[in-house]
Amino acid sequence: MHCPISTASRRSAKKKPDDLRVSFGNSRYTCLVFDGDVLVGAGRALADGVDCSYLCDVAVHPDYQGIGLGKALIERLRDLSEGHRKIILYANPGKEGFYAKLGFRRMRTAMAIFANQPRAIETGLVE
């Protein structure tokens, strides 16, 4: 499902365009925000329709941050995920407060395996 929000992240320098094309294409919900023909915000959710929806790859171009687009992306993906028993995301270190304001609570049991485990440790994603 494509859900434009309004007019208003370029691709992450850490993720290749082809990888983003595949991951967004395989997601149950995607939200893309454009300013004219320029993509300035994006997010997606992997969901099974009943139990779990995982919000991920939410990004807003730096020039468009601070005007509510990130909040709008998360709220839209959360609304699309309504009816799932749980809606999950993991926050980049330092962004937890932003997500808490949107109703998300810290999980005590989340675990992860990253393809680049040393980088995940270095950036604070895992212990």
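User: Accessible areas here come from the Shrake-Rupley method with a 1.4 Å probe. On that basis, what share of the area the protein exposes comes from carbon and sulfur atoms?
Analyst: Keep in mind that this is a predicted model. The protein exposes about 8,700 Å². The share of that area supplied by carbon and sulfur atoms is 51%.

User: And in what order do the helices and strands come along the sequence?
Analyst: There are 4 helices and 4 strands to place. Reading along the sequence, you get the pattern α-β-β-β-α-β-α-α.

User: Is Arg44 buried or exposed?
Analyst: Arg44 sits in strand E2, which runs over residues 38-47. Its relative accessibility is 10%, and the cut-off for buried is under 20%, so Arg44 counts as buried.

User: Which side chain does the side chain of Arg44 make a polar contact with?
Analyst: Leaving out residues up to four places away in sequence, Arg44 touches a list of residues that includes Ser23, Ser27, Tyr54, Asp57 and Leu77. The polar contact between side chains has a distance of 2.8 Å, and the partner is Ser27.

User: How far apart are the end C-alpha atoms of helix H2?
Analyst: Helix H2 covers residues 69-80, which makes 12 residues. At 1.5 Å a residue, the expected span is 16 Å, and the model agrees because the end C-alpha atoms are apart by 16 Å.

User: How wide an arc do the buried residues of H2 cover around the axis?
Analyst: The buried residues in H2 are Leu69, Gly70, Leu73, Ile74, Leu77 and Leu80. They lie on the same side of H2, because the arc they cover around the axis is only 135°.

User: Which strands and which helix do those buried residues of H2 pack against?
Analyst: Leu77 is one of the buried residues of H2, and Leu77 is also among the residues Arg44 touches. The full set of elements packed against the buried residues of H2 is strand E1 (29-35), E2, strand E3 (52-60) and helix H3 (96-100).

User: Which residues do ring pairs link into a cluster?
Analyst: The whole structure has 2 aromatic pairs. Phe98 and Tyr99 are edge-to-face, at 5.1 Å centre to centre with 75° between the planes. Tyr99 and Phe104 have ring centres 6.4 Å apart and planes at 90°, so that pair is edge-to-face too. Ring pairs thus link a cluster of Phe98, Tyr99 and Phe104.

User: Is Phe98 buried, partly exposed or exposed?
Analyst: Tyr99 and Phe104 are both buried. For Phe98 the relative accessibility is 35%, so Phe98 counts as partly exposed.

Terms used:
Residues numbered from 1 in each chain as written. Predicted model: local features only at pLDDT ≥ 70, side-chain atom pairs only at ≥ 80, totals over all residues. Heavy atoms only, no water. Helix = DSSP H or I, 4+ residues; strand = E, 2+ residues; numbered from the N terminus. Buried < 20%, exposed > 50% of the residue type's maximum accessible area, 1.4 Å probe, protein only. Polar contact = N/O pair within 3.5 Å; in protein donor to acceptor, adjacent residues only side chain to side chain. Contact = heavy atoms within 4.5 Å. Expected span 1.5 Å × (residues − 1). Arc of directions from axis to C-beta. Phe/Tyr/Trp six-rings, centres within 6.5 Å; stacked < 30°, edge-to-face > 60°.
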